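I opened this model to look up the ligand surroundings, the empty spaces and a few single residues. My entries follow in the order in which I made them.

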Amino acid sequence: MKKIIASNFKTNHSRETTREFMEDLNQYLVQKEIKNDVYVFPSATAFDKFDLSENLIVGAQNCYHTKSGSFTGEIGTIHLDEFGIKTILIGHSERRHILGESQKEVALKYNYFKALGYKIIYCFGEPLEVKQAGLTETLGYIWEQFDGIDLSYENLILAYEPVWAIGTGVSATIEDIATIHRKIKKKIDKPLLYGGSVKVCGLQDILEVPNVDGVLVGTASWAVEDFKKMVYIASKMDGSSKIIQCEKESN
Ligand code: PGA
């Protein structure tokens, strides 16, 4: 399976810079004949009618479980339908931990979008204190994040995103990723992405870990040149030599 690369813009990029990003990225995919699935999750205010290759997919970072209605500050599926958006992130740690979405609410949202046939990228991962408590606790915490989630859903992609690695600049180690991904894949046969401080340097090592089917990237994906490098690396994964040599750790 070709590696999947996803960019989560979070609360970044305007309508104008999102368009520039999408056009630039699309041109790159066409030029390089890259066929990997590439997802971009812009902010809802930047949704637009983009002219994109089939494998460049725009998704929603969030949507309320409604078509329309009185939910101040939220968007509904009419706002996604307007732009043909059929992909959504659910369970992201920032929605769980900053915006207070409970597992019950996350599951409700999941089931709503599942019933509509959306492609769902379902995120889960443990906070630092759980990781520090050990592997059993970590796996227990993760299984609880699958409560109410139909893991046999055909349009499901999973994303393991340890909370302590998100936006901190400190990615999980290769060993951590390998262990958790192996445990999850043993039970759930779905594409499984890793997310949490993924950068251009280090991406190939992560993509080479068994059971890693791709990555979900925040911070390091917001500069289109960097994201293009990531997409390039993913498209060239054959386990041979280093695709991009990194000089500085921070790249
Ligand atoms: P990060 O975010 O790459 O900035 O750590 C990842 C994510 O939240 O999906």
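**Ligand.** I began with Glu161, where a side-chain N or O atom is 2.7 Å from an oxygen atom of the ligand, which I list as a polar contact (a pair of N or O atoms within 3.5 Å; within protein, one must be able to donate a hydrogen and the other to accept it, and residues adjacent in sequence count only if both atoms are side-chain atoms). This is a predicted model, in which local features need pLDDT of at least 70 and side-chain atom pairs count only at pLDDT 80 or more, while totals for chains, interfaces and linings use all residues. I number residues from 1 along each chain as its sequence is written, and side-chain values use heavy atoms, with hydrogens and water left out.

I then noted that a polar side-chain atom of Thr219 lies 2.5 Å from an oxygen atom of the ligand, and that a polar backbone atom of Gly218 is 2.8 Å from a ligand oxygen atom. There are 13 residues around the ligand (a heavy atom within 4 Å), and those that come nearest are His92, Glu161, Gly167, Ser197 and Thr219.

**Ser197 and Glu33.** Which sign does phi have at Ser197? I found it positive, about 55°, although Ser197 is not a glycine. Most residues other than glycine have a negative phi. Ser197 is found in the loop between strand 7 (192-195) and helix 8 (200-207); helices (H or I, at least four residues) and strands (E, at least two) are DSSP runs, numbered from the N terminus. Glu33 also has a positive phi of about 55° without being a glycine, and is found in the loop between helix 1 (15-31) and strand 2 (38-41).

Are these two residues buried or exposed? Ser197 is buried, with a relative accessible area of 16%, whereas Glu33 is exposed at 62%; buried means under 20%, exposed over 50% and partly exposed in between (1.4 Å probe, protein chains only).

**Cavity.** I next looked for enclosed space, a cavity being a set of points on a 1 Å grid over the protein atoms alone where a 1.4 Å probe fits but cannot get out. The count comes to one cavity of 30 Å³ or more, and about 40 Å³ of space lies in the largest cavity. Among the residues with an atom within 4 Å of a point, and so lining this cavity, are His92, Cys123 and Glu161. Helix 3 gives the largest share of the lining, three residues.

**Pocket.** The largest pocket has a volume of about 470 Å³; a pocket is an open set with protein on both sides within 12 Å along at least five of seven lines. Of its 23 lining residues, Lys10, Thr11, Gln61, Asn62 and Arg95 are the closest to its centre. Helix 3 (residues 93-98) gives the most to this lining, with three residues.

**Ala159 and Thr138.** Ala159, in strand 6 (residues 156-160), is buried, with a relative accessible area of 0%. I listed what Ala159 touches (heavy atoms within 4.5 Å), leaving out residues up to four places away in sequence, and found Ile121, Tyr122, Cys123, Phe124, Leu192, Leu193 and Leu216.

Thr138, in helix 6 (residues 135-144), is buried with a relative accessible area of 4%, and its side chain reaches the backbone oxygen of Gly134 at 2.8 Å.

Notes. Grid points are joined across faces, edges and corners, and a volume is the space filled by probe spheres set on the points.
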